[in-house]
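Trainee: I have a new model open and would like to learn how to read it. Could you take me through it, one feature at a time?

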Amino acid sequence: MTNRQDLQNDADAPRLDSVVARVRGEYSEMPGLELTCAQACRLWHMHVSTCEQLLEQLVQEGFLCRTHKGAYIAAPTIRRRS
C-alpha cells in the first residue's frame with residue numbers, strides 16, 4: 001500500500017501537500033476532468049513515478065477512480081436525500 005511516506009521525505013512535505021491539494025481542487029472544480037498519467041505529469045509538472053504514486057494514493061483514498069482506458073477521474077459521490 002502506498003502512503004505519503006513513499007512519496008516524500010520530510011523536506012518535501014509542504015510541497016507534496018500543496019500538490020495533493022491542487023490535484024484535489026482541480027478535480028473538484030472541473031467535473032468530468034479525465035487525465036491520463038502522462039497528461040497529469042505535464043499539467044502538474046511532475047516526474048512520472050511521483051505522479052503515478054500520487055494518483056494511485058488518491059485512488060486508494062477513494063478520491064479518484066481509474067477508467068478502463070487508464071485515465072483518472074473523480075470518484076462518484078453518493079448524495080443522500082434528506
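Trainee: Among contacts in the protein between residues at least 6 apart in sequence, what percentage join residues at least 24 apart?

Mentor: Counting contacts by their separation along the chain is a good way in. Here 44% of those contacts join residues at least 24 apart. Please keep in mind that this is a predicted model.

Trainee: Then where is confidence lowest, and where is it highest?

Mentor: Where pLDDT is low, the predicted coordinates should not be read in detail. In this protein the lowest confidence is in helix α1 (residues 4–7), with a mean of 51, while β3 has the highest, at 97. The average pLDDT is 83, and 77% of the residues score at least 70.

Trainee: How many helices and strands does the protein have?

Mentor: There are four helices and three strands. Walking from the N terminus, you meet them in the order α-α-β-α-α-β-β.

Trainee: What is the order of the strands in the sheet, and how do they pair?

Mentor: Strands of a sheet pair through backbone hydrogen bonds, either parallel or antiparallel. In this model the three strands form an open sheet in the order β1-β3-β2, and the pairing is antiparallel. At the edges are β1 (34–35) and β2 (64–66), each pairing on one side only. Between β2 and β3 (residues 72–74) there are three bridges. To find this pairing on screen, look for Arg66, which stands opposite Tyr72 in β3.

Trainee: Which helix packs on the sheet, and which strands does that helix touch?

Mentor: That is α4, which touches β2 and β3. The direction of α4 makes about 105° with that of β2.

Trainee: Now the interior. Which residues have the most contacts inside the largest nonpolar core?

Mentor: Look for Tyr27, Trp44, Leu54 and Leu55, in a core of 19 residues. The elements giving two or more residues to this core are α2 (13–29), α3 (37–44) and α4 (48–60). The most come from α2, which supplies five residues.

Trainee: Leaving aside neighbours within four places in sequence, which residues is Leu55 in contact with?

Mentor: Leu55 is in contact with Cys37, Ala40, Trp44, Leu64 and Tyr72. You have already met Tyr72, the residue opposite Arg66.

Trainee: And what share of the protein is buried?

Mentor: Buried residues account for 33% of the 82 residues. To finish on the outside, the accessible surface comes to about 5800 Å², and 51% of that belongs to carbon and sulfur atoms.

Terms used: Residues are numbered from 1 along each chain as its sequence is written. This is a predicted model: local features need pLDDT of at least 70, side-chain atom pairs count only at pLDDT 80 or more; totals for chains, interfaces and linings use all residues. Side-chain values use heavy atoms; hydrogens and water are left out. A nonpolar core is a set of buried Ala, Val, Leu, Ile, Met, Phe, Trp, Tyr and Cys residues joined through side-chain atoms within 4.5 Å. Buried means under 20% relative accessible area, exposed over 50%, partly exposed in between (1.4 Å probe, protein chains only). Contact means heavy atoms within 4.5 Å. Two strands pair if DSSP finds at least two bridges between them. Axes are lines fitted to C-alpha atoms, for helices over the stretch in contact, and angles run from 0 to 180 degrees between N-to-C directions. Accessible areas come from the Shrake-Rupley method with a 1.4 Å probe; for residues, only the protein chains shown count as cover. pLDDT is the predictor's confidence in each residue, from 0 to 100.
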